[in-house]
Amino acid sequence: MSIRRVWLLCWLCLLCASFAAGAATAVPSWGAPQSSAVDTPPEALKPGAWIWAGDDPALGPMVMVVSLDEQRGYVYRNGLRIAVTTVSTGKPGHATPTGVFTILQKDRDHHSNKYNNAAMPYQERLTWDGVALHAGGLPGYPESHGCVHLPTEFARRLFGATTLGMTVVIAEDGHASADAVHPGLLAPVDPTSGASIAALPLDDGQPWRWTADDATTGPLSLVLSRSDQRLIALADGREVGRARIVVPPSTAPRGTHVYVMGAGTLPVHVDGVPDGELPQWQSIAVPGREADAGQTLDPALLAGVQVPPGFVERVLPRLRPGTVLVATDAHVLPETTGRGQRVLDALPPEH
């Protein structure tokens, strides 16, 4: 056999070995490759499905709540839910612990030291004895060895958004409040401590409430619920004010509408706001509503909106370009939050 032929055979053997090694170490991918539409109710998500409505770290602190009962995870930014995902937690004999945790370590390409070098992409460690968030199998029921399995693409986005020390609450019926076990549109826990937050309704006849003080310095996020006729302000990851409002019937399209504040103003009359001083809002694209990107909020939709003047006086000085407004027909009152709540929903439809 010629030296050239021997060399060629050796080269082919090395090439085949390289392909075999690559196949053996290939990292699997789990779950849906892209987000479901933001109008999808969380309980309608099939195993492996998820929603990511967008994120901006400048808006405020992040917290994640994992419901063992629902087998879903919820992510909040500045007190407002921005994402939800199906998960798979610990199977019998390997129960996922409940409680308040922080992200201790992050490893994009982690492999298990316990379970045959199994791939655990986008690992975010919650305990030093092995419990973590990471991409993994999602059969629709608890099947992990204690970790919280996530869809791969969701895990990638979460990995990029989180920071070391971020709070993660794992809740189960009997070990946490009902709001944490069945999270709604607004964060049920404090982003710093993980303690439950009780969202108090306005007293009978009380037009508005403002609880922010000088220590509340973070940017505002605003949620308008037409169903409940409420406007809620969030800062530093929790509610700082709410008001009774009146939003007249409109012909606005159903579906998700999320707005970001621009630098301009609109010459529109809203009770308590001088003409020409109302901030201008532009739509941002969210899954299922990509065509909304860049559209300016129609001034006609704002005409006739009634907001208590005292509440407006508190809110206006805190608004900055980049402030997010979510307009929704979903409920935000405590007695109506829980199952069936949507991540981000519609700007008011007609009755």
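How many of the 10 residues of helix H2 are buried? The legends below take this helix first and then move to other parts of the predicted model.

**Figure 1. Helix H2, residues 152-161, is mostly covered.** Of its 10 residues, 7 are buried. They are Thr152, Glu153, Phe154, Ala155, Leu158, Phe159 and Ala161. For the setting, the chain holds 5 helices and 17 strands. Of its 351 residues, 50% are buried.

**Figure 2. His134 and Cys147 carry the feature "active site" in an unreviewed UniProt entry.** His134 is part of strand S8, which covers residues 132-135. Cys147 sits in the loop between S8 and strand S9 (148-150). Are these two residues buried or exposed? His134 is counted as buried because its relative accessibility is 3%, and buried means under 20%. Cys147, at 8% relative accessibility, also counts as buried.

**Figure 3. His134 and Cys147 touch each other, and each has further contacts.** Leaving out residues up to four places away in sequence, His134 touches Met120, Pro121, Tyr122 and Gln123 as well as Cys147, Val148, His149 and Leu150. With neighbours within four places set aside, Cys147 is in contact with Ser88, Thr89, Gly90 and Thr96. Its list continues with Gly130, Val131, Ala132 and His134. Across the chain, 64% of the contacts with a separation of 6 or more join residues 24 or more positions apart.

**Figure 4. Tyr122, one of the residues touched by His134, has a positive phi.** The angle is near 55°, and the residue is not a glycine. Tyr122 is found in strand S7, residues 119-125. With a relative accessible area of 16%, Tyr122 is buried.

**Figure 5. Asn78 is another residue other than glycine with a positive phi.** Its phi is about 55°. Where does Asn78 lie? Asn78 is in the loop between strand S3 (72-77) and strand S4 (80-86). The relative accessible area of Asn78 is 0%, so this loop residue is buried.

**Figure 6. Arg209 is a buried residue in strand S11.** The strand covers residues 208-210. Arg209 has a relative accessibility of 19%, and it counts as buried because the limit is under 20%. Which backbone oxygen does the side chain of Arg209 reach? The oxygen belongs to Pro201, at 3.5 Å. Beyond residues up to four places away in sequence, Arg209 touches Leu200, Pro201 and Leu202. The same list of contacts includes Glu239, Val240, Gly241, Arg242 and Phe311.

**Figure 7. The second largest pocket has a volume of about 410 Å³.** The pocket is lined by 24 residues, and the closest to its centre are Ile197, Ala198, Ala199, Leu200 and Glu239. Leu200 and Glu239 are also among the residues touched by Arg209. Which element gives the largest share of the lining? Strand S14 does, with 4 residues. By kind, the lining residues divide into 13 nonpolar, 7 polar and 4 charged. Rolling a probe the size of a water molecule over the atoms shows where empty space is left.

**Figure 8. Pro183 is a buried residue in a loop.** The loop runs between helix H3 (178-181) and S11. At a relative accessible area of 2%, Pro183 is buried. How many residues apart along the chain are Pro183 and Tyr74? They are 109 residues apart, yet their C-alpha atoms are separated by 7.3 Å.

**Figure 9. Pro249 is an exposed residue in the loop between strands S14 and S15.** Strand S14 covers residues 238-244 and strand S15 covers residues 257-266. Pro249 has a relative accessible area of 64%, and it is called exposed because that value is over 50%. Pro249 and Gly304 are 55 residues apart in sequence. From C-alpha to C-alpha, they are 9.8 Å apart in space.

Conventions: Residues are numbered from 1 along each chain as its sequence is written. This is a predicted model: local features need pLDDT of at least 70, side-chain atom pairs count only at pLDDT 80 or more; totals for chains, interfaces and linings use all residues. Side-chain values use heavy atoms; hydrogens and water are left out. Helices (H or I, at least four residues) and strands (E, at least two) are DSSP runs, numbered from the N terminus. Buried means under 20% relative accessible area, exposed over 50%, partly exposed in between (1.4 Å probe, protein chains only). A polar contact is a pair of N or O atoms within 3.5 Å; within protein, one must be able to donate a hydrogen and the other to accept it, and residues adjacent in sequence count only if both atoms are side-chain atoms. Contact means heavy atoms within 4.5 Å. On a 1 Å grid over the protein atoms alone, a cavity is a set of points where a 1.4 Å probe fits but cannot get out, and a pocket is an open set with protein on both sides within 12 Å along at least five of seven lines; lining residues have an atom within 4 Å of a point. Grid points are joined across faces, edges and corners, and a volume is the space filled by probe spheres set on the points. Ala, Val, Leu, Ile, Met, Phe, Trp, Tyr, Cys and Pro count as nonpolar, Asp, Glu, Lys and Arg as charged, and the others, Gly among them, as polar. UniProt positions are given in the numbering used here, feature names are shortened, and annotations may be inferred rather than shown by experiment.
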